[in-house]
Amino acid sequence: MGDPRRALPAVERVLTDLQGLPHGLLVQCAREALEDARRRLTEDPAAPVGTAEVVADARRRVEGLRSGLLRPVLNATGVLVHTNLGRAPLGDDALDAAARVGGAYSNLEYRVGTGERGSRHEHAGALLARACGAEAGIAVNNNAAAVLLALAALARDREVIVSRGELVEIGGGFRVPEIMAESGTRLVEVGTTNRTRLADYTGARRAETALILKVHASNYRMIGFTESTPVSELAGLGPPVMVDVGSGLLDDTTPWLDQRPSWLHDEPGVRQALEAGAALVTFSGDKLLGGPQAGVVLGRADLVATVARHPLARAVRADKLTLAALQAVALAYLDGDATRIPLWRMATASLDELAARAERTAAGIDGAKVVDTQAVAGGGSLPGLTIPSVGVALDTPAPDELLAALRRRDVVARVESDAVLCDLRTVDPRDDERLRDALAAATMSR
Ligand SMILES: *Cc1c(COP(=O)(O)O)cnc(C)c1O
């Protein structure tokens, strides 16, 4: 008997059975499968490894690579700002703007009128400032970067006063004390976890105080014997007050909607923080603002200019695609037109409309029924912001299996009370047909 490794197929032979990826990747998959087969035969010459097994292994590798490619999925979880699913989807105008600016040269840092060098902050940043009544604004990579940059630029080697109730961790990895340490500022904690009064801040204020920082505790809520000091009271103390509002709700009266949604509760608005006397406000672009990933710094012109000049600003700057999309979002707000922002379209869709879509989606699908649900605003933020919604529930003895069958069709749903639930609020109506097809196929395939 000869060496069984000699019986293995050539790379070219395996390749004839592979498709769906660039040739170079298929070759790598074929080589990896062959190497693995050779290794197994070296360990055990009697191992059942032939051409069919190598081809099957190579195909699995191709499928593994293909399924990892970045692509759209259908969010039927009911979580509007789902961090793992890319947070806010962009509207057509924002996408068009990104495509037009990204597919050409642009006036990103160039003033066409005079032929002078311009600044990338003259577009989206300046418009968002106007939308909130701020003197100036800039946009950077994300809100974590905005906070880091602002602290580094305004308070390095100096003191920043923060309430112990606001030393929070948000999402995976944004921890206020750590960001402050990275920025080179000295954290001065005041008050207690549940109560911090004006006198606590007054007592900590010194010549070394560069800023008072307030952080919206986005992802948790304290109830009971609590007290915090509003921006309006802190604004009179002397040092500039910087507020990290997080979600990017531009105005808590939501003038871009017919009616303020009650589920917003007391979510703070950027405009209101500025009106209360905040010198600087930071927030995310892709949470309740409904735009691309970005961090926005708005406020006093002198402070914003200092932030923009800091060397770190270069390291965290936003790209032209982001700035183009963000500009479109700012223009939509300035137009008072929330229908151009998918996040607000989805958040405010009426229950009747959702119910009608759910009926059409559930019709004819085994074990499917229309149910009332609660959607939520978002992925590790805005706790307690539940939005009444409607979904399709699928009764099944094995919810996790059905969930997996839906995922294989790029539909992400959730399990609730032992049923698989697809919340219609986070599904674009243009995708209803796709959702229906996926439900039909997944319920039949099990
Ligand atoms: C979400 C959030 C952040 C982090 O923002 P990213 O844009 O994800 O970097 C920081 N602070 C607050 C209060 C937040 O809610």
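In what order do the 5 strands of the open sheet that holds E2 stand, and is the pairing mixed? I looked this up first in what is a predicted model, and I read the order as E2-E14-E15-E18-E17, with mixed pairing.

**Entry: the sheet of 5 strands**

I then checked the edges, and found strand E2 (79-81) and strand E17 (414-416) there, each with a single partner strand, so that one side of each is left without a neighbour in the sheet. From one strand to the next I noted a twist that averages 45°. Within this sheet I followed one pair more carefully: strand E15 (residues 386-395) runs antiparallel to strand E18 (residues 419-423), the two being joined over 5 bridges, and Asp395 has Ala419 of E18 as its bridge partner. I also looked for a helix on these strands and recorded helix H16 (residues 399-407), which lies across E15, E17 and E18 and runs at about 40° to E18.

**Entry: the sheet of 7 strands**

For the other open sheet I wrote down the order E5-E13-E12-E11-E10-E6-E9, again with the pairing given as mixed. Strand E5 (136-140) and strand E9 (186-190) are its edge strands, each pairing on one side only, and neighbouring strands are turned by 20° against each other on average, direction ignored. The pair I examined here is parallel: strand E6 (residues 159-163) and strand E10 (residues 209-215) are joined by 4 bridges, and I traced Val162 to its bridge partner Leu213 in E10. Helix H11 (residues 301-309) packs on the sheet, where it touches E5, E12 and E13, and its direction makes about 25° with that of E5. Helix H6 (residues 143-155) lies across E5, E6, E10, strand E11 (241-246), strand E12 (280-284) and strand E13 (295-299), and I noted that it runs at about 155° to E12.

**Entry: domains and the largest pocket**

I took the division of the protein as domain 1 (4-67), domain 2 (74-85 + 345-444) and domain 3 (92-338), and found the C-alpha centres of domain 2 and domain 3 to lie 32 Å apart. Where does the largest pocket lie with respect to domain 2 and domain 3? Both domains give residues to its lining, so I place the largest pocket between them. Its volume is about 1000 Å³, and of the 37 residues that line it, Pro72, Val73, Leu85, Pro89 and Leu90 are the closest to its centre. Strand E1 (74-75), H4, helix H14 (342-348) and helix H15 (351-362) each supply at least two residues of this lining, which by class divides into 18 nonpolar, 7 polar and 12 charged.

**Entry: the second largest pocket**

For the second largest pocket I recorded a volume of about 760 Å³, with 33 lining residues, of which Glu166, Lys214, His216, Ala217 and Ser228 are the closest to the centre. E10, helix H9 (231-234), E11 and helix H10 (270-275) are the elements that give two or more residues to this lining, and its classes are 12 nonpolar, 14 polar and 7 charged.

**Entry: the cavity**

With a cut-off of 30 Å³ or more, I counted 1 cavity, and about 40 Å³ of space lies in the largest cavity. Its lining includes Leu90, Gly91 and Asp93, as well as Arg340, Ile341 and Pro342. Helix H4 (92-102) and helix H13 (320-334) each supply at least two residues of that lining, and I noted its classes as 6 nonpolar, 2 polar and 2 charged.

Definitions and conventions:
Residues are numbered from 1 along each chain as its sequence is written. This is a predicted model: local features need pLDDT of at least 70, side-chain atom pairs count only at pLDDT 80 or more; totals for chains, interfaces and linings use all residues. Side-chain values use heavy atoms; hydrogens and water are left out. Two strands pair if DSSP finds at least two bridges between them. Axes are lines fitted to C-alpha atoms, for helices over the stretch in contact, and angles run from 0 to 180 degrees between N-to-C directions. Contact means heavy atoms within 4.5 Å. Domain bounds come from an automatic or database domain assignment. On a 1 Å grid over the protein atoms alone, a cavity is a set of points where a 1.4 Å probe fits but cannot get out, and a pocket is an open set with protein on both sides within 12 Å along at least five of seven lines; lining residues have an atom within 4 Å of a point. Grid points are joined across faces, edges and corners, and a volume is the space filled by probe spheres set on the points. Ala, Val, Leu, Ile, Met, Phe, Trp, Tyr, Cys and Pro count as nonpolar, Asp, Glu, Lys and Arg as charged, and the others, Gly among them, as polar.
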